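User: I would like to learn how to read the features of a structure like this one, beginning with its cysteines. Could you take me through them?

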Amino acid sequence: MNISVLNYTIIIMGPAYGTQASFCAYQFCLSLLNSNHQLQSIFFYADGTYNANNFTNPANDEFDIVNAWQKLAQKYQLKLSVCIAAAQRRGIVNEELNHNIAAGFELVGLGELSEKVSQSDRVIQF
Amino acid sequence: MKKIAIIFDQAPHGNAKGRETLDLVLALSDINQISVFFINEGIFHLLKDQQPDKILMRDYIATFGMLELYDINDIYVCNESLTKYNLATQPLIIDAKPATKQTIASLLVTYDTIIKS
């Protein structure tokens with residue numbers, strides 16, 4: 001293992017509002033992208049799936065975490081993976097006529113997380 | 001393949017942490033080697049005869065029976081937590097190895113990844 005460059009998987013289990021977890025994860029990702037290390041995967045699980053809810057509408061003077069994830073993903077060509085089962089239970093859906101999943105987020109199975117974790121040098125959970 | 005420790009540290013039914021952590025255990029075991037730890041209030045997952053349907057919660061406790069089927073046999077339960085809640089002599093739903101806090105701490109450093117509920 002080349003210790004100078006580490007592959008990271010970030011698991012986010014905190015919601016888009018109410019706890020600091022996902023905000024902290026976002027800042028960690030920013031730091032990672034400005035370092036020599038590699039951000040291999042961003043995975044939203046459990047309450048973390050709320051980060052993919054496009055109806056999240058914070059006040060003007062508050063940080064818009066949903067939008068921030070979208071911009072980050074766009075700028076660095078990252079995939080925002082969201083556990084489909086955990087998301088559906090929380091009303092975050094991607095149906096043809098009725099969907100509220102924010103652009104840039106992708107509903108996937110837990111198998112993807114398993115694969116990413118198996119390939120990562122570091123896994124950080126927020 | 002990674003060696004992963006997954007920790008249950010919260011009581012069942014009051015929130016979805018336990019249920020979704022169990023889903024993680026099963027899903028991540030496909031290509032990784034999983035060990036499971038029950039500490040603090042997480043040990044309440046192991047009690048027999050739970051009836052979560054009576055409080056309108058899903059009975060995911062029965063799914064812990066799947067661990068053996070998934071070849072997940074490295075299961076530990078914290079001795080001090082069992083004693084704290086006076087459960088040391090209670091029969092448990094799965095064959096979890098009792099371990100002291102110190103043993104658990106020394107085991108945890110041997111994993112590639114630790115995930116907590």
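Analyst: This is a predicted model, and over all chains it holds zero disulfides. A disulfide calls for two cysteine sulfur atoms within 2.5 Å.

User: Why is C24(A) without such a bond, and how far is its sulfur from the closest cysteine sulfur?

Analyst: The closest cysteine sulfur belongs to C29(A) and lies 10 Å from that of C24(A), which is too far for a bond. As for surroundings, C24(A) counts as partly exposed because its relative accessibility is 32%, whereas C78(B), at 2%, counts as buried.

User: How should I read the packing of two helices?

Analyst: In general, two packed helices are described by the angle between their axes and the distance between those axes. Here, α4 of chain A (residues 110-119) and α1 of chain B (residues 17-28) pack at about 65°, with their axes 9 Å apart, and the crossing of α4(A) and α1(B) is right-handed.

User: Which residues of α4(A) and α1(B) meet?

Analyst: From α4(A) come L110(A), L113(A) and S114(A), which meet D23(B), L24(B), A27(B) and L28(B) of α1(B); by class, this contact has five nonpolar residues, one polar and one charged.

User: And what is the overall architecture of chain A?

Analyst: Chain A has four helices and five strands, in the order β-α-β-α-β-α-β-α-β from the N terminus. Its radius of gyration is 14 Å, which agrees with the value near 14 Å for a compact globule of 126 residues, and 46% of those residues are buried. Of the contacts in chain A with a separation of 6 or more, 80% join residues 24 or more positions apart.

Definitions and conventions. Residues numbered from 1 in each chain as written. Chains lettered and ligands numbered in written order. Predicted model: local features only at pLDDT ≥ 70, side-chain atom pairs only at ≥ 80, totals over all residues. Heavy atoms only, no water. Axes fitted to C-alpha atoms, helices over the stretch in contact; angles between N-to-C directions. Helix = DSSP H or I, 4+ residues; strand = E, 2+ residues; numbered from the N terminus. Left-handed = near helix turned anticlockwise from the far one by under 90°. Contact = heavy atoms within 4.5 Å. Nonpolar A, V, L, I, M, F, W, Y, C, P; charged D, E, K, R; others polar. Buried < 20%, exposed > 50% of the residue type's maximum accessible area, 1.4 Å probe, protein only. Rg over C-alpha atoms; globule rule 2.2 N^0.38 Å.
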